[in-house]
There are 2 protein chains.
Amino acid sequence: MKKLAVGIDIGGTNILLGFVNEKGEILDRISWKTASFALAEEWVTLACDFILEKLHKYPNVIFRGVGIGAPNGNVYSGSIEHAPNMPWKGTVPLAQMFESRLSSKSVLTNDANAAALGEMLFGAAKNCRHFIYITLGTGLGSGIVVDGKLVYGSDGFAGEIGHVVLFPNGRPCGCGRNGCVETYCSATGLKTTYAEIRQKKNLPPIPHADAKYIYQLAVNGDKEAIQAFELTADWLGLALANSVAYTSPEKIILFGGLTQAGDLLLNPVKLSFEKNLLHNYKNKVTITSSSLTECDAAILGAASLLLSM
Amino acid sequence: MKKLAVGIDIGGTNILLGFVNEKGEILDRISWKTASFALAEEWVTLACDFILEKLHKYPNVIFRGVGIGAPNGNVYSGSIEHAPNMPWKGTVPLAQMFESRLSSKSVLTNDANAAALGEMLFGAAKNCRHFIYITLGTGLGSGIVVDGKLVYGSDGFAGEIGHVVLFPNGRPCGCGRNGCVETYCSATGLKTTYAEIRQKKNLPPIPHADAKYIYQLAVNGDKEAIQAFELTADWLGLALANSVAYTSPEKIILFGGLTQAGDLLLNPVKLSFEKNLLHNYKNKVTITSSSLTECDAAILGAASLLLSM
């Protein structure tokens, strides 16, 4: 019998849910605005109703359960733990809530880990035993795979490359520390870098210049925008070269909004990466973009938590 | 029947060999000066003669084979690959040489990985599933254990924390790059730091001031020596805090010459480490010294490669 799982991607803005089969096809989808639910319970009830209703459509399958990717998701506790950008505060035991309502297995982990698993089952990391997955959005998330398994670590919070200090005493980070990779290598980092370059040249600030806007400027030949991308790529190349010294992956896969800049970002990242690699690792590690579309990857990744079991 | 293995530690100066039983007792030992052997074959012949001769003393054991820890040792190829401080140049397929001469299994890995495994079987990492092992000698070596297994990565060279860049464009490193952790956090790093502090204060250089000498000065109240230890500890604490964001270990175990400084190094390292940790990890990770003596650890570690199988 064929296997089926539900994948749920929870973000600060949207919640996406889909039924996923073994081929990585998304069969039924639904989405909600996260802010519509003051309490997690309200949303869980709606989600379970949807799942139970649709399950009737698939009588001859083994339903593996509900996989969830969420910010600050902890695989060991099955809970979202103190996620800063969520309306649901404190510890939210989502996996347990789904298990008790559906009598099916539920696994929850952080969004980057889930996406890494999705990429391993259905995307650019197929047949890859050692890779690092980097999500470049507002911040920088990461999932690390060693010997075909996600590294969760002793507490479920392994893989926070965005919060490795790249420049000691550098830019202030949302985490309360300074110089974290994500303050340089993310959409937010790019924005800061662009503003800093303009300031140094005594050019007036452009407050609405977000990553997309800076990308357009760069494509149209704006010097400061091009320089901002070059610096971001330089720094990301260094941060990734440092990461290789931990787990020596075959691949690094980049995912998320900022990768929409394509070769404008990817080519200089590759150059900086090779330049900064320890000789042992040179010309061994491929940097590539995700082969999944952004909306699908999150659902596929979450469903992979159960389909890969 | 009881198990027995041979552990061999190969260094630029000495080669140590011992028979090790399951309790972690070293039964027979021998050592050589590495420089006495222009070719690896010459030494392998002597080592095999010793092993075969002594094996007769243990008739009722299962001999598991020969474990080897060596600089630039690669577990996948069983070879020493281009080790900079060894008389044997190029690629030396030591594991294969032992296997063909002894008809027993032989496993080779880098010295820090071997020591990490020894610590897991017989030392401070017993029953520990997630830890990072740091050897603080002339350089900084490391072994990373995830879920009870050494991380070797795609090419066998995972775990080179000494060559993560701590300060971009920092001190020149023997690897040809700049700002590597080991240029700051090692016996060599301490020496450089002490010299830099004296220079800044216009004090005359002390060319013979090595790590031991600087330690003695610090114990006797020398301000610059104390400051050198404080800075080294600050930097090591930061480097270790960064490492936690990759694999989220329960423990970090420090080993090697520089740890003989005891609390003079360990206490400020712990302070800097906690200060620099991302909030997720605070008050969860123990930093401790190895519980094995330096000479034994290397042999036990190498033998563990086979005893742990």
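A residue is called buried when its relative accessible area is under 20%, and in this predicted model that cut-off helps in reading both the cysteines and one of the strands. B:Cys185 has a relative accessible area of 1%, and therefore counts as buried. A:Cys48, with a relative accessibility of 4%, is buried as well.

Which cysteine sulfur is nearest to that of B:Cys185? It belongs to B:Cys180 and is 11 Å away, whereas a disulfide requires two cysteine sulfur atoms within 2.5 Å, so B:Cys185 is in no disulfide. Over all chains, the count of disulfides comes to zero.

The next step is to look at how the chains are arranged. Two copies of a chain are related by a rotation about an axis and a shift along it. Here, a turn of 180 degrees with a shift of 0.0 Å along the axis lays chain B on chain A with an RMSD of 0.0 Å, which is the relation of a two-fold axis. Both copies use the same surface, since 100% of the contact residues of chain B recur in chain A.

Within chain A, strand S9 covers residues 131-136, and because six of its six residues are buried, the strand is largely enclosed by the rest of the structure. A:Phe131, A:Tyr133 and A:Thr135 point one way from S9(A), while A:Ile132, A:Ile134 and A:Leu136 point the other way.

S9(A) pairs with strand S10 of chain A, residues 140-146, in the antiparallel sense over six bridges, and a hairpin of three residues joins these two strands. S9(A) also pairs in the parallel sense with strand S12 of chain A, residues 251-255, over five bridges. A:Phe131 takes part in both pairings, having A:Val145 as its bridge partner in S10(A) and standing opposite A:Lys251 in S12(A).

Technical notes
Residues numbered from 1 in each chain as written. Chains lettered and ligands numbered in written order. Predicted model: local features only at pLDDT ≥ 70, side-chain atom pairs only at ≥ 80, totals over all residues. Heavy atoms only, no water. Buried < 20%, exposed > 50% of the residue type's maximum accessible area, 1.4 Å probe, protein only. Least-squares fit on C-alpha atoms with pLDDT ≥ 70 in both. Contact = heavy atoms within 4.5 Å. Helix = DSSP H or I, 4+ residues; strand = E, 2+ residues; numbered from the N terminus. Pairing = 2+ DSSP bridges.
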